[in-house]
Amino acid sequence: MDKIVVEGGARLSGKIPISGAKNAALPLLAAALLPSGTSTFKNVPQLADVRTMAKLLRMLGWDVEGDSALTIAAPTGKKKPKLEAPYELVKTMRASVLVLGPLVARYGRARVSLPGGCAIGARPIDQHLKGLEAMGAKVTLDHGYVDVEAKRLRGATIVLDMPTVTGCENIMMAAALAKGRTVIENAAREPEVEELALVLNKMGAKIQGAGTAIITIEGVDELAPIEHAIIPDRIEAGTFAVAAAMTKGDVLLEGARPEHMDAIIAKLRAMGATVSAEAGGLRVKGGDIKPADITTQPHPGFPTDMQAQFMVLACLAKGQSVIKEMIFENRYMHVPELGRMGADIQVSGRVAVIRGGQKLTGANVMATDLRASASLVLAGLVAGGKTEVLRVYHLDRGYEAIEKKLKGVGAKIKRAKDA
Ligand code: EPU
């Protein structure tokens, strides 16, 4: 298995190209199940999660070819799609559940393994199922699988208990081919939800309001394949922005879209960085690092996917920061590992208190979640001596060539084989 080895102390300077967004790519690949014919996506990030989604689509019977330009072709002739997402795949990637909405809408049936708990919390899919049931689907659970059936889904008004991102995406994809009008209230407002609506509309769907809390979908009878370039990853960009701020560097995040990153940019500025939108992307220059209080919230609030990275920044500030994780109940796996590197962080329930200014020293560390692993790489960039981040497969789920991108701006970092 690979590990990432970092020598702390380098100041980052230069340009980092930002890849396509993982959390946009995953629902878009699932959306390719809706039309007949071949859809093409460009700017597809080369990530383990994207490969898992491609593998799932192939298991369902679609042809998936390519890498950063990816074509997805629906089964033709006598080839019948298989309407099941098996446990082996769903357990490695919860986003596999995104095939549920498209399959039921188009083929009237789907069987998907229940994801169960994951490293960052319980993460149920009750809202996805509630939405499909409201649209007339029959949902049954057996042997750890959820079976969803509906001859033709019909439009409904669905009020989500919380603005779930993939839940909203699943319901939107299902509603695109339902009969009549669906209204999703308390909808997720993430840019990735907007991106999915844009792509579905390109396919011929009639969706309005994506990016706001109320999304209206007029169902249509069929959708057509499309070609589309995926938006840049705001979380990857945010992670490198923190790296620049931490090392007092000066980095241009090429392609980053500031309009997707308001909450991240606001906290970077509050913590002492200079952030400016430039023609080629977003430029981040580090300054004296100040403490801050951060509460994670659904978009447009501060994203949970940036909480671990900002915690490392807070470790470098002189003074006390308070972080509240309000989305997932168990997303502090990085805390004990950062503690081993010398950080002073006290967690009580959802609240973490960080006493910044302690000296960080390199250590062997690992985490069981993608963003937690990224935060350990960041800590390695400023810790004295050598840090080895193990279990790199978590990083590879969501960061394309993280070590190459950081090396390109001057970090002393490499990938090595773990003995
Ligand atoms: N929830 C429920 N019931 C549901 C759905 C969600 O109780 O039916 C709860 C969850 O347990 C959680 C909250 O609602 O407490 C929000 O979860 P959400 O459904 O929005 O998360 P998700 O759709 O499973 C996506 C991203 C995550 C990101 C979250 C929050 C994708 C593929 N994943 O997950 O990304 O953290 O939204 O923004 O879009 C990551 O990239 O590292 C990552 C974990």
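In helix H1, the residues Lys22, Ala24, Ala25, Leu26, Pro27, Leu28, Leu29, Ala30 and Ala31 are buried. The helix is thus mostly covered, with nine of its 10 residues buried. These assignments, like the others reported here, refer to a predicted model.

Helix H1 also contributes to the internal space of the model. A search of the whole structure returned one cavity of 30 Å³ or more. The largest cavity encloses about 40 Å³ of space, and its lining comprises Lys22, Asn23, Glu192, Asp233, Arg234, Ile235, Asp305 and Arg371. At least two of the lining residues are supplied by helix H1 (22-31), and at least two by helix H8 (234-246). Classified by residue type, the lining of this cavity contains six charged residues, one polar residue and one nonpolar residue. Lys22 therefore appears in two contexts, being among the buried residues of H1 and among the residues that line the largest cavity.

Among the open sites, the second largest pocket was examined. Its volume is about 160 Å³. The residues lining the second largest pocket are Met246, Lys248, Ile289, Leu316, Lys318, Gly357 and Gln358. By class, three of these residues are nonpolar, two are polar and two are charged.

Strand pairing was then considered around strands E7 and E9. Strand E7 (residues 109-113) has four of its five residues buried, so the strand is largely enclosed by the rest of the structure. Strand E9 is likewise largely enclosed, because four of its five residues are buried. E7 pairs with strand E6 (residues 84-85) in the parallel sense, over two bridges. In this pairing, arginine 111 of E7 is the bridge partner of glutamate 84. E7 is also joined to strand E9 (residues 145-149), in this case by five bridges and in the antiparallel sense. Here arginine 111 has aspartate 147 of E9 as its bridge partner, while alanine 110 stands opposite valine 148 in E9. Arginine 111 is thus a bridge partner both of glutamate 84 and of aspartate 147.

Strand E9 has a further antiparallel partner in strand E8 (residues 138-142), to which it is joined by five bridges. Within this pairing, threonine 140 has aspartate 147 of E9 as its bridge partner. Aspartate 147 is accordingly bridged to arginine 111 and to threonine 140. Strands E8 and E9 form a hairpin with two residues between the strands, and histidine 143 in this hairpin takes a positive phi near 50 degrees.

Electrostatic contacts between side chains were next enumerated. Side chains of opposite charge can pair when their charged atoms come close. The count for the model comes to 26 salt bridges. One of these joins lysine 3 to glutamate 388, with the closest N and O atoms 3.0 Å apart. Because lysine 3 lies in strand E1 (residues 2-7) and glutamate 388 in strand E23 (residues 386-389), this pair ties together parts that are 385 residues apart in sequence. Lysine 3 counts as buried, at 12% relative accessibility, and glutamate 388 also counts as buried, at 11%. Glutamate 388 forms a salt bridge with lysine 386 as well, the closest N and O atoms being 3.7 Å apart. Lysine 386 is partly exposed, with a relative accessible area of 45%.

A salt bridge is also formed by aspartate 250 and arginine 283, whose closest N and O atoms are 2.7 Å apart. Aspartate 250 is located in strand E15 (residues 250-254) and arginine 283 in strand E17 (residues 281-285), so the contact ties together parts that are 33 residues apart in sequence. Aspartate 250 counts as buried at 18% relative accessibility, since the cut-off for burial is under 20%. Arginine 283, with a relative accessible area of 28%, is partly exposed. Beyond these pairs, a network of salt bridges links Asp2, Asp396, Glu403, Arg415 and Lys417.

Covalent cross-links between cysteines were also sought. The structure holds zero disulfides. With regard to individual cysteines, cysteine 168 counts as buried at 0% relative accessibility, and cysteine 315 is buried with a relative accessible area of 4%.

Technical notes: Residues numbered from 1 in each chain as written. Predicted model: local features only at pLDDT ≥ 70, side-chain atom pairs only at ≥ 80, totals over all residues. Heavy atoms only, no water. 1 Å grid on protein atoms, 1.4 Å probe; cavity = no way out; pocket = protein on both sides within 12 Å on 5 of 7 lines; lining within 4 Å. Points joined across faces, edges and corners; volume = space filled by probe spheres on them. Nonpolar A, V, L, I, M, F, W, Y, C, P; charged D, E, K, R; others polar. Salt bridge = Lys/Arg side-chain N within 4 Å of Asp/Glu carboxyl O. Buried < 20%, exposed > 50% of the residue type's maximum accessible area, 1.4 Å probe, protein only. Disulfide = S-S within 2.5 Å. Pairing = 2+ DSSP bridges.
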